[in-house]
Every structure is written in structure tokens, then in C-alpha cells.
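Colleague: Before we discuss this model, could you put the sequence and the structure where we can both look at them, and then take me through the elements in turn?

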Amino acid sequence: MKVAITSTGNNLESKLDQRFGRCSWFLIYDTATKGMEFIPNPNKDAQNGAGPASVQIVASRNVEKIISGEFGIKIKSLLDSLKIQMIVLKEPEKNLEEIINMLNQ
Amino acid sequence: MSPRPIRLRRICNPPVISGFRPYGTRSSNGKPQDVFLHIEEYEALRLCDYELMNHHQASVIMNVSRPTLTRIYARARMKIAEAFVLGKQIIIEGGKIYFDSEWFSCKRCGCFFNNPDKQVAVKECPLCRSIVFSNYEEVIYEPEESITLTKNRKYESRNHQHRK
């Protein structure tokens, strides 16, 4: 199963990004193979429509869950219809390695 | 006295289409007229006639009272009948609504998560696999605003706690 995590940087020490649409990087983590892929977010500085464009990026990777600090209202109904689970984690100090460890428990 | 404000109706998913257009109209006098079917009426019709629920079950899902659900449902049928009889086109839009799937909050890692697949019950926290979590129903989605679930916001577990 693939999980998308919003990240502030492109390594495992970076923190969880608290925004979904305008986060800096996406980490696509595969819980079965432990494979990781960092994707830079082209919508980082977008004026509007960042959320739906970001959903397209992660949905094309067939993720089933997204972990982020916040989801916009446009994204919610979109992800609902795509059957992607949203996980809201309000802990900006958590880094990616800790989150991956939680997933692997 | 001002009237009581309308309670927001909860909608599971937006409709896949935005309307219906009649074809083969016998008396063609230009563009067909419109019937505006509200999204809440679409949802009531979906729950009652497609999911085959009774009005009480549907009213719980839409978060309104049973008499209100019946009124919404009656309005939906009236509008659709009007469109059928007079050959009007149906446009699905508007209504006092918010979109929702069920949200849960985990007691161990403090995260919030939703359940996109409504057919399957949630058994564990998707993040830390903890089985101690509760329904989080206080989240109200104001239209045109982003969701903020602040940590300092008090959330109390309701009577129906999910424990295994």
C-alpha cells in the first residue's frame, strides 16, 4: 500500500509539512516494499488551484492514504470520491522517519 | 422573531453529473426550461430510492430530523415529476449542505483520519495501529474555508466509542 506524506524537504530528517496543496515535497512511501520516492511539488507557489493539482500528482501514484497537517475544502470532496484516506497530523515537529516508523509498527 | 436557521445537510459525495437534459421534445419552442434540484434533494433521493433506506435511516445520515428529510424527499420527487411532465431540464446545484465522511481521532498519536470507504468499518488508527480512537463529529466544514483541526480545540468522545 502506498502512502503520501507531505514534507518540507527531500530527506528523512525533514519535518512534516503542515499544508497539503502547497507543501514543498511529497514522499511516496510503499509499506510493502519499503520503497520511497520524493517528488517536488510544482504547485508550491501557486496562487490558486494548488490543492486539486497536488491531488492529481499523488493520485497518479495510486496512493491510498495521505498524511498532512491540513486539507483544504476543495480537496476533501475530491479525495472522498477518489477513496483516498486523509490523515491529519497536527505535529509540525515530527520528522518523516518517525512517521514511517509509526506506519511500520 | 427571526426564524430558526436552516440546519446544514450532510452529503456523502457530490453527484457525478450536474443535470439531465430532455430530448425529442414534441413542442419545440426554443431552449427547455430549467428545474433546479438541490444537492440535498438529490442526496435524499439517492438514500431513499437508490440505497433503499427508510426515511429515518436517511435522516440520520444527512444529519437532519426525520420530518425534514421527508420534506426534502417530497420536494425532490415534485421537482423530478415536474421536469418529466413538462419536459424541463434538471440542473443539480445549490442547497444548504456540507460534504462529509466520518472523521475519527486517535487517542494515542493524536491524529485525525476519515474513512473514505463507508462500507468497511474502521478497526484501527491508520497511522499508529492503535485501536483506541473515537468518533470526531465536531468538525463543521464551512463552505469556502479550509479545514482546521486545532489541537487546543476540545473534543469529547461521544457515547459511542469504538473499542475492540
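Colleague: How many helices and strands does chain A have, and in what order do they run?
Modeller: This is a predicted model, and in it chain A has three helices and five strands. Of the 105 residues of chain A, 39% count as buried. Read from the N terminus on, the elements of chain A follow the order β-β-β-α-β-α-β-α.

Colleague: Which residue of chain B stands opposite A:Val88?
Modeller: A:Val88 belongs to strand S5 of chain A, residues 85-88, where A:Gln85 and A:Ile87 on one side and A:Met86 and A:Val88 on the other are all buried, and both faces of the strand are thus covered. Within chain A, S5(A) pairs with strand S4 (residues 65-68) in the parallel sense over four bridges, and there A:Ile67 stands opposite A:Ile87. S5(A) is also joined by two bridges to strand S7 (residues 112-114) of chain B, and these two strands run antiparallel. In that pairing, the residue of S7(B) that stands opposite A:Val88 is B:Phe112.

Colleague: In the open sheet of chain B, which are the edge strands?
Modeller: Three strands of chain B form this open sheet, with mixed pairing, in the order S2-S4-S3. S2(B) and strand S4 (residues 89-92) of chain B run antiparallel and are joined by two bridges, with B:Gly19 opposite B:Ile91. The strands that pair on one side only, and so form the edges by the pairing criterion of at least two bridges, are S2 (19-20) and S3 (34-37) of chain B.

Colleague: What should the 21 residues of H3(B) span, and how far apart are its end C-alpha atoms?
Modeller: Helix H3 of chain B comprises residues 66-86 and lies across S3 and S4 of chain B, running at about 160° to S3(B). At 1.5 Å a residue, its expected span agrees with the separation of its end C-alpha atoms, both being 30 Å.

Colleague: Within what arc do the buried residues of H3(B) fall?
Modeller: The buried residues of H3(B) are B:Leu69, B:Ile72, B:Tyr73, B:Ala76 and B:Ala83, and seen down the helix axis they line one face. They pack against S3, helix H1 (39-50), helix H2 (55-62) and S4 of chain B, whereas on the other side of H3(B) the exposed residues include B:Pro67, B:Ala74 and B:Met78. The arc that holds the buried residues is 95°.

Colleague: Is B:Tyr73 buried or exposed?
Modeller: B:Tyr73, which lies in helix H3 of chain B, touches B:Ala44, B:Leu45, B:Cys48 and B:His55, leaving aside residues up to four places away in sequence. B:Leu47, which is 26 residues from B:Tyr73 in sequence, lies 9.6 Å from it in space, C-alpha to C-alpha. Because 21 other C-beta atoms lie within 10 Å of B:Tyr73, where 20 or more are required, this residue counts as buried.

Colleague: At what angle do H2(B) and H3(B) pack?
Modeller: The residues of H2(B) that meet H3(B) include B:His55, B:Ser59 and B:Met62, and among their counterparts in H3(B) are B:Arg66, B:Leu69 and B:Tyr73. The axes of the two helices are 8 Å apart, and the angle between them is about 100°. That angle makes H2(B) roughly perpendicular to H3(B), the value asked for being about 100°.

Note on methods. Residues are numbered from 1 along each chain as its sequence is written. Chains are lettered from A and ligands numbered from 1 in the order in which they are written. This is a predicted model: local features need pLDDT of at least 70, side-chain atom pairs count only at pLDDT 80 or more; totals for chains, interfaces and linings use all residues. Two residues are in contact if their C-beta atoms, placed from the backbone, lie within 7 Å. Axes are lines fitted to C-alpha atoms, for helices over the stretch in contact, and angles run from 0 to 180 degrees between N-to-C directions. A residue is buried if 20 or more other C-beta atoms lie within 10 Å of its own, exposed if 12 or fewer, and partly exposed in between; C-beta atoms are placed from the backbone. The expected span of a helix is 1.5 Å times one less than its number of residues. The arc is that of the directions from the helix axis to the C-beta atoms. Angles under 35 degrees count as roughly parallel, over 145 as roughly antiparallel, 65 to 115 as roughly perpendicular and the rest as oblique.
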